[in-house]
Amino acid sequence: GNKIRNAKLVLLGDVGAGKSSLVLRFVKGQFVEFQESTIGAAFFSQTLAVNDETVKFEIWDTAGQERYHSLAPMYYRGAAAAIVVYDITNPASFTRAKKWVQELQAQGNQNTIVALAGNKADMLDARQVPAEEAKAYAQENGLFFMETSAKTAINVNDIFYEIGEMSTIL
Ligand code: GTP
Ligand code: MG
């Protein structure tokens with residue numbers, strides 16, 4: 001039979017990295033050029049067929065602004081998965097992503113699947129974070145890594161699918 005499994009997922013990352021845009025793409029299949037900065041956090045859900053199961057993602061899209069940093073543990077504690085997002089055109093956002101990974105490793109749940117998303121992969125001419133550097137960092141830290149684009153939809157469903165699949169073996 002077709003089982004439904006709930007998976008709590010949180011997105012973390014710098015202001016403007018594209019967390020809300022990735023969620024909007026995944027949940028509604030849409031993209032907007034002028035996405036408003038998130039206040040606090042926003043909740044979404046979306047289901048995805050993964051092998052013989054239906055995974056129902058319960059998604060917390062957190063705000064990247066520093067003033068909301070102290071709220072983050074409420075969302076990542078108890079999460080089955082976290083997607084840490086940076087913008088491939090913005091090295092400061094990659095630095096911020098590494099800080100999130102450190103915080104998750106120190107304060108988060110040991111079993112949380114952590115994925116690193118190098119977003120805005122459509123903006124190759126403006127790239128400042130080499131894919132190889134991020135890939136090596138992810139490998140060293142046991143993270144799943146993909147470059148994504150909320151704008152063109154590249155790898156957006158794929159990253160959720162991979163997380164859904166990884167979470168079946170827990
Ligand atoms: P906060 O809510 O402030 O933490 O930001 P956020 O991480 O949610 O970023 P948001 O999704 O609001 O995106 C910021 C800006 O980047 C918006 O103007 C988006 O249109 C743009 N953007 C997001 N993803 C992409 C992408 O994949 N490609 C391009 N070209 N632009 C993107
Ligand atoms: Mg947002």
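**Figure 1. Val50 and the residues it touches.** Setting aside residues up to four places away in sequence, Val50 touches Val55, Tyr161, Gly164 and Glu165. This is a predicted model, and that goes for every view below. Val50 itself is found in strand 2. How buried or exposed is Val50? It's buried, with a relative accessible area of 0%, and the cut-off for that word is under 20%. One of the residues it touches is Tyr161; the two sit 111 residues apart along the chain, yet their C-alpha atoms are separated by 6.6 Å.

**Figure 2. The loop residue Asn51.** Move to Asn51 and you're in the loop between strand 2 (41–50) and strand 3 (53–62). Asn51 isn't a glycine, but its phi is positive all the same, at about 55°. Is Asn51 buried or exposed? Exposed: its relative accessible area is 53%, and the term applies because that value is over 50%.

**Figure 3. The magnesium site.** Which residues coordinate the magnesium ion (ligand 2)? Ser20 does so through OG and Thr38 through OG1, at 2.1 Å. The pair ties together distant parts of the chain, 18 residues apart: Ser20 belongs to helix 1 (residues 19–28), while Thr38 lies in the loop between helix 1 and strand 2. Both side chains come from buried residues, with Ser20 at 12% relative accessibility and Thr38 at a relative accessible area of 15%.

**Figure 4. Helix 1 and its surroundings.** Stay with helix 1 and look at what's around it. Eight of its 10 residues are buried, so helix 1 is largely enclosed by the rest of the structure. Which ones are they? The buried residues of helix 1 are Lys19, Ser20, Ser21, Leu22, Val23, Leu24, Arg25 and Phe26. They pack against quite a list of elements: strand 1 (3–13), strand 2, strand 3, strand 4 (81–87), strand 5 and helix 5 (156–168). After helix 1 comes Gly29, with a positive phi near 70°.

**Figure 5. Asn119 and its contacts.** Asn119 has its place in strand 5 (residues 113–119). It's buried, at a relative accessible area of 2%. Which residues is Asn119 in contact with, leaving aside neighbours within four places in sequence? The list takes in Ala17, Gly18 and Leu22, then Val85, Tyr86, Asp87 and Ile88, and finally Thr148, Ser149 and Ala150. Leu22 has come up already, as one of the buried residues of helix 1.

**Figure 6. Lys120, in the loop after strand 5.** Lys120 is placed in the loop between strand 5 and helix 4 (131–140). Like Asn51, whose phi is about 55°, Lys120 has a positive phi without being a glycine, here about 70°. How exposed is Lys120? Partly exposed, with a relative accessible area of 24%.

**Figure 7. Thr95 and Asp14.** Thr95 sits in helix 3 (residues 91–107). At 46% relative accessibility, it counts as partly exposed. How far apart are the C-alpha atoms of Thr95 and Asp14? They're separated by 9.1 Å, with the two positions 81 residues apart along the chain.

**Figure 8. Stepping back to the whole protein.** This view puts the close-ups in context. There are five helices and six strands, and from the N terminus on they run β-α-β-β-α-β-α-β-α-β-α. The C-alpha atoms fill a box of roughly 45 × 35 × 30 Å along the principal axes. Does the radius of gyration agree with a compact globule, or disagree? It agrees: for 170 residues such a globule would have a value near 15 Å, and the protein has 15 Å. Buried residues make up 49% of the 170. Among contacts between residues at least 6 apart in sequence, 73% join residues at least 24 apart.

**Figure 9. Surface and charge.** What does the protein show on the outside? About 8,500 Å² is exposed, with carbon and sulfur atoms supplying 50% of it. On the charge side, there are 16 positive and 19 negative side chains. The centres of the two sets lie 5 Å apart.

Methods:
Residues are numbered from 1 along each chain as its sequence is written. Chains are lettered from A and ligands numbered from 1 in the order in which they are written. This is a predicted model: local features need pLDDT of at least 70, side-chain atom pairs count only at pLDDT 80 or more; totals for chains, interfaces and linings use all residues. Side-chain values use heavy atoms; hydrogens and water are left out. Helices (H or I, at least four residues) and strands (E, at least two) are DSSP runs, numbered from the N terminus. Buried means under 20% relative accessible area, exposed over 50%, partly exposed in between (1.4 Å probe, protein chains only). Contact means heavy atoms within 4.5 Å. Donors are N, O and S atoms within 2.8 Å of the metal (3.2 Å for Na, K and Ca); water is not among the atoms, so sites may look incomplete. The radius of gyration is taken over C-alpha atoms; the globule rule is 2.2 Å times the number of residues to the power 0.38. Accessible areas come from the Shrake-Rupley method with a 1.4 Å probe; for residues, only the protein chains shown count as cover. Lys and Arg count as positive and Asp and Glu as negative; His and the chain ends are not counted. The place of a charge is taken as NZ of Lys, CZ of Arg, CG of Asp or CD of Glu.
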